[in-house]
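Visitor: Could you walk me through this one? I'd like to start with a single residue and work outwards from there.

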Amino acid sequence: MKILSIESSCDETAAAVVEDGRRVLSNIVASQVEEHKIYGGVVPEIASRRHVEAISGVVKNALSEANCSLDDIDAIAVTQGPGLVGALLVGVSYAKGLSFATGIPLIAVNHIEGHIAGNYLTHKELKPPFLALVVSGGHSHIVNVKSYTEFEVIGRTRDDAAGEAMDKAARTVGLPYPGGVNLDKISQNGDENKYKFPTPHLSTGKYDFSFSGLKTFAVNLVHNASQKGKEVSAEDLGASFIKTVTDILTKNTMLAAKDLGATQIVLAGGVSANSRLRKKMAEECEKNGFSLFMPELKYCGDNAAMVGAQGYYEFLSGKRAGMDLNAVASMSITEEC
């Protein structure tokens, strides 16, 4: 079964053709990073306009690279949410139009579930149940994946997502967008023990996270040093900040896995590309006897192949979307598409 998938939740216009949920025949991504870098972050209106300009060509390229025509496609999968609503609407509208014109069934996919499914493309042997840590610029979740289409969020951030906090820390030390990626790069030679960041403690929510305090601590650290005429090492601050974030993410995930009796742990989302997080998760999983699955770097960020992977299992479960499908900016992972 071949699925044409479309992703436009933020600033990447992407389309892919995925066969049987595991084999990627094509995966085209048109990035807007260089344009948004001027503004220090994603400008929603610009992102939406660029999606409109790029989506038709991206879909055509995906079909061409897969050596397919629409006659070979069994279903069309599209990200419904969460994400920037204007950006999402471009992908949803295009997918609906394509489905209406061709009669090809339409499938709505949750973006977060898509990130988890990205691991199926790298690890053909991976099957639920497993525990997933989903970390990106907008999301930080610990998810109990009961089946290919059943998810239970057991931990989440109370405020900022881990990726958002890293982006803010990067901006504070003068790094360009995308901040988290650049912070990871410069921190490779930094001293992760140079700056002692606080570890947030929550009175409720055993597996929940809080990162806003770390962000504020980084900002105050840099500002206070500046007022005294001192400089803060970007490399050391980056290494210390990322160490603190990854320690928190890993600790809560290991605790949840032990409590739930999980044996497989999956890492997903844009921040799953972070080198320190991948290393820390690998060390802790080996120490505790868990099997760890991480996506290839090309499937960590937003892409359409992951949407096609999840779309395949949604299709098998009997889920279909109609012409009333709409984008949902703040869609929860537990909501029905």
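Visitor: Leaving aside neighbours within four places in sequence, what is Glu35 in contact with?

Guide: Once those sequence neighbours are set aside, Glu35 has contacts with Ile46 and Arg50; please keep in mind throughout that this is a predicted model.

Visitor: And what does the side chain of Glu35 do with the side chain of Arg50?

Guide: The two side chains make a polar contact at 2.9 Å, while the C-alpha atoms of Glu35 and Arg50, which are 15 residues apart along the chain, are separated by 10.0 Å.

Visitor: Where does Glu35 sit, and is it buried or partly exposed?

Guide: Glu35 belongs to helix α1, which covers residues 33-37. Its relative accessibility is 26%, so Glu35 counts as partly exposed, given that buried would require a value under 20%.

Visitor: Switching to the sheet, what is the strand order?

Guide: The sheet is open and has five strands, ordered β3-β2-β1-β4-β5, with mixed pairing. The edges are taken by β3 (23-31) and β5 (106-110), and because each of these has a single partner strand, one side of each is left without a neighbour in the sheet. From one strand to the next, the twist averages 20°.

Visitor: In what sense do β1 and β2 pair?

Guide: Strand β1, residues 2-7, pairs with strand β2, residues 12-19, in the antiparallel sense, and the pairing extends over six bridges. Within it, Ser5 is placed opposite Ala16 of β2.

Visitor: Which helices go with the sheet?

Guide: Helix α2 (residues 44-65) lies across β1, β2 and β3, and runs at about 25° to β2. Helix α10 (residues 304-316) also packs on the sheet, where it touches β1, β2, β3, β4 (75-81) and β5, with a direction that makes about 125° with that of β1.

Visitor: One more topic: how do α5 and α7 cross?

Guide: The axes of helix α5 (residues 162-172) and helix α7 (residues 212-227) come within 9 Å and cross at roughly 5°, which means that α5 is roughly parallel to α7.

Visitor: Which residues make that contact?

Guide: On the α5 side they are Glu164, Lys168, Ala169 and Thr172, and on the α7 side Lys215, Ala218, Val219 and Val222. Sorted by class, the contact of α5 with α7 comprises four nonpolar residues, one polar residue and three charged residues.

Key: Residues numbered from 1 in each chain as written. Predicted model: local features only at pLDDT ≥ 70, side-chain atom pairs only at ≥ 80, totals over all residues. Heavy atoms only, no water. Pairing = 2+ DSSP bridges. Helix = DSSP H or I, 4+ residues; strand = E, 2+ residues; numbered from the N terminus. Axes fitted to C-alpha atoms, helices over the stretch in contact; angles between N-to-C directions. Contact = heavy atoms within 4.5 Å. Buried < 20%, exposed > 50% of the residue type's maximum accessible area, 1.4 Å probe, protein only. Polar contact = N/O pair within 3.5 Å; in protein donor to acceptor, adjacent residues only side chain to side chain. Parallel < 35°, antiparallel > 145°, perpendicular 65-115°, else oblique. Nonpolar A, V, L, I, M, F, W, Y, C, P; charged D, E, K, R; others polar.
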